[in-house]
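Open the model in your viewer and keep the selection tool at hand. The tour moves from one selection to the next and says what is there.

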Amino acid sequence: MEFEDVTEALGAAPLKGLAVNKMPCLITLTGSEKGEILQLRAGTLVLGRSASHADLVLRGAGVSRAHARLEIDEKGRVVVQDLGSTNGIFVNGEPVERAELSHGDSLGLGPEVSLRLEHSDQEVHDLFQDMYRSANTDDLTGVLNRRSFMTRLSEELSAARRHRTEYSLALLDLDHFKKVNDQHGHSAGDAVLVELVNRLKETLRAEDLVGRYGGEEFVVLLRQVPSASAEATAERLRSIVEATPFTLPDGTLLPVTTSIGLSPLLLEQEPGATLEAADQALYQAKRAGRNRVMVAQTAT
């Protein structure tokens, strides 16, 4: 079937010169995730803010844990159904309970999250992905860049205030990292940073946020994790860094350790206050001998 035939079947205007994929995608239009592509597959997918309730996790004010359900058939037709969400769903700005989406339609979930249904060829798909990665992620490690992490942190702080939920933030710094670059070269330093992120991802949950804060510093937001549990998680992160030497590009095995400062998310203050508290705890960890976790005084 040609692209024009597919878009006509979906009730959408054709885009000349594009060959449609078999399956559609949703493009995020708002917030810190603007430009992110959510690739869809045939079957049923739930959209929401909770990884334990939703197949596709969306962050933003007003998104319920399980907000809406998408029903996608083998021809790429998409039907959206509200799941009793607090703030409802909107198609092209109009509130609906259930509706079939056409190519180019906007889908709103609450006041802050807006998506657009697209049927694009692989070239266009890759372009959107590249734009999103360039704007939001660190080129070397693939985690959130500092700007994007701070935007996410502000959003998560707003959600934590509304729901009075405990979050925790960990700031990690690799010990004596300058020596790695000086003695083994910057390519070795880059390899250590990439491996560090891989180890973090293996330990953390999908809903936790990781960002590169600067140089060899990384920041982790533990979503809906109270201080006591967060300290145990931070200790696991410290342990997985120390447990196995890092392999450098030339095959050298290099022992690496990390110091971690931990703070609860300070709900009554701006995001920078939590980062400052975690940074002070990190400073104390380094002064105490490095390769350890220290908890901010606000948490005690």
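**First stop: A277**

Select A277: leaving aside residues up to four places away in sequence, A277 touches S263, L266, A296 and T298. Contact here means heavy atoms within 4.5 Å. A277 sits in helix α7. Helices (H or I, at least four residues) and strands (E, at least two) are DSSP runs, numbered from the N terminus. With 12% relative accessibility, A277 counts as buried. Buried means under 20% relative accessible area, exposed means over 50%, and partly exposed lies in between (1.4 Å probe, protein chains only). Now add Q297, which is 20 residues from A277 along the chain. Their C-alpha atoms are separated by 7.8 Å.

This is a predicted model: local features need pLDDT of at least 70, side-chain atom pairs count only at pLDDT 80 or more, and totals for chains, interfaces and linings use all residues. Residues are numbered from 1 along each chain as its sequence is written, and side-chain values use heavy atoms, with hydrogens and water left out.

**The whole chain**

Zoom out. The chain has seven helices and 18 strands. Of its 300 residues, 49% count as buried. Take the contacts between residues at least 6 apart in sequence: 56% of them join residues at least 24 apart. The accessible surface comes to about 14200 Å² (Shrake-Rupley method, 1.4 Å probe; for residues, only the protein chains shown count as cover). Carbon and sulfur atoms account for 48% of that surface.

**The largest pocket**

Select E36, R59, R152, A206 and L209. Of the 25 residues that line the largest pocket, these lie nearest its centre. A pocket is found on a 1 Å grid over the protein atoms alone: it is an open set of points where a 1.4 Å probe fits, with protein on both sides within 12 Å along at least five of seven lines, and lining residues have an atom within 4 Å of a point. The space in this pocket is about 690 Å³. That volume is the space filled by probe spheres set on the points, which are joined across faces, edges and corners.

Which elements each supply at least two residues of the lining? They are β2 (37-39), β4 (56-57), α2 (122-136) and β13 (209-214). The largest share, three residues, comes from α2. By class, the lining has twelve nonpolar, three polar and ten charged residues. Here Ala, Val, Leu, Ile, Met, Phe, Trp, Tyr, Cys and Pro count as nonpolar, Asp, Glu, Lys and Arg as charged, and the others, Gly among them, as polar.

Stay with α2 and pick D130, which lies in that helix. D130 is partly exposed, at 40% relative accessibility. Measure across to E36: D130 and E36 are 94 residues apart in sequence, yet 9.3 Å apart C-alpha to C-alpha.

**The second largest pocket**

Move on to a pocket with about 290 Å³ of space. It is lined by 21 residues, and R49, S50, Y167, R223 and Q224 are the closest to its centre. Its lining has six nonpolar, six polar and nine charged residues.

**Helix α4**

Select residues 177-184, which form α4. Here F177, V180 and N181 are buried. Look down the axis: the buried residues fall within an arc of 90°, so they line one face of the helix. The arc is that of the directions from the helix axis to the C-beta atoms. An α-helix has 3.6 residues a turn, so residues three or four places apart point the same way. On the other side of α4, K178, D182 and Q183 are exposed. The buried residues pack against β12 (168-174), α5 (186-203) and β16 (253-254). Just after α4 comes G185, with a positive phi of about 100°.

**Two asparagines in loops**

Select N92, in the loop between β7 (89-91) and β8 (94-96). Its phi is near 55°, a positive value in a residue other than glycine. N92 is partly exposed, at 46% relative accessibility. Then go to N291, in the loop between α7 (271-287) and β18 (293-295). The phi of N291 is near 55° and positive.

**Last stop: E217**

Finish in strand β14 (residues 217-222), where E217 is found. Is E217 buried or exposed? E217 is buried, with a relative accessible area of 19%. Leaving out residues up to four places away in sequence, E217 touches L171, L172, D173, G211, R212, D279 and L282. Add L193, which is 24 residues from E217 in sequence and 9.5 Å away, C-alpha to C-alpha.
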